[in-house]
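User: I am new to reading protein models and would like to learn how such descriptions are justified. Could you take me through this one?

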Amino acid sequence: MSHTLLKIISIDPGFVTNMETQEKAKAILAKHYRPSTIEFQTTDSIEFIDQGANFESVACNSCGRDLEMDEWQALVDNAFEKQFEDLTFITSCCHSKSSLNDLKYNMPAGFAKFTVSISEAPEEPTENELSQLEGLLGTKLRMIWCHY
Ligand SMILES: [Zn+2]
């Protein structure tokens, strides 16, 4: 059975927040989604927050050229050895300084310690809800539609 999750992460992979702030974030989201479908997760180290079967391609954020999957996987393996604390690398396509977190994932993905997951979300939060969340958490956020 397929399953869709909407994941919300910070654009800053190392971002974490406290329980009190998470409760406030949940209160904002609970106006839009059933509270039982909203979950918060914080991991000790940074993880790749993937889009599941929605992963089609990944492109350079400087020149827009697609990365070969082998190349991308090697970069991820290399960064994983450092617990994803350093996601920077030099692209082979245009020799630009980039970060695995800044590449153009199609569909979006990213790296994070802190993840909000909403199961079977019918849609993304409204712009107003999103700006409330960003104001509360003090960080810009990224939406990841994950399909398993
Ligand atoms: Zn490039």
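Analyst: Read from one end of the sequence to the other, the protein follows the pattern β-α-β-β-α-β-β-β-β-α-β, where helices (H or I, at least four residues) and strands (E, at least two) are DSSP runs numbered from the N terminus. This is a predicted model, in which local features need pLDDT of at least 70 and side-chain atom pairs count only at pLDDT 80 or more, while totals for chains, interfaces and linings use all residues. Residues are numbered from 1 along each chain as its sequence is written.

User: Why is the protein called as compact as a globular protein of its length?

Analyst: The globule rule is 2.2 Å times the number of residues to the power 0.38, and the radius of gyration is taken over C-alpha atoms. For 148 residues the rule gives 15 Å, and the protein has 16 Å, which is close to that, so it is called as compact as a globular protein of that length.

User: What makes a residue count as buried, and what share of the protein does?

Analyst: A residue is buried if 20 or more other C-beta atoms, placed from the backbone, lie within 10 Å of its own; of the 148 residues, 22% count as buried.

User: How do you know that domain 1 and domain 2 touch?

Analyst: The bounds, from an automatic or database domain assignment, are 1–55 + 110–148 for domain 1 and 57–106 for domain 2. Two residues are in contact if their C-beta atoms lie within 7 Å, and seven residues of domain 1 are in contact with eight of domain 2. Strand S2 (38–49) and strand S7 (110–119) each supply at least two residues of that side of domain 1.

Definitions and conventions
A residue is buried if 20 or more other C-beta atoms lie within 10 Å of its own, exposed if 12 or fewer, and partly exposed in between; C-beta atoms are placed from the backbone.
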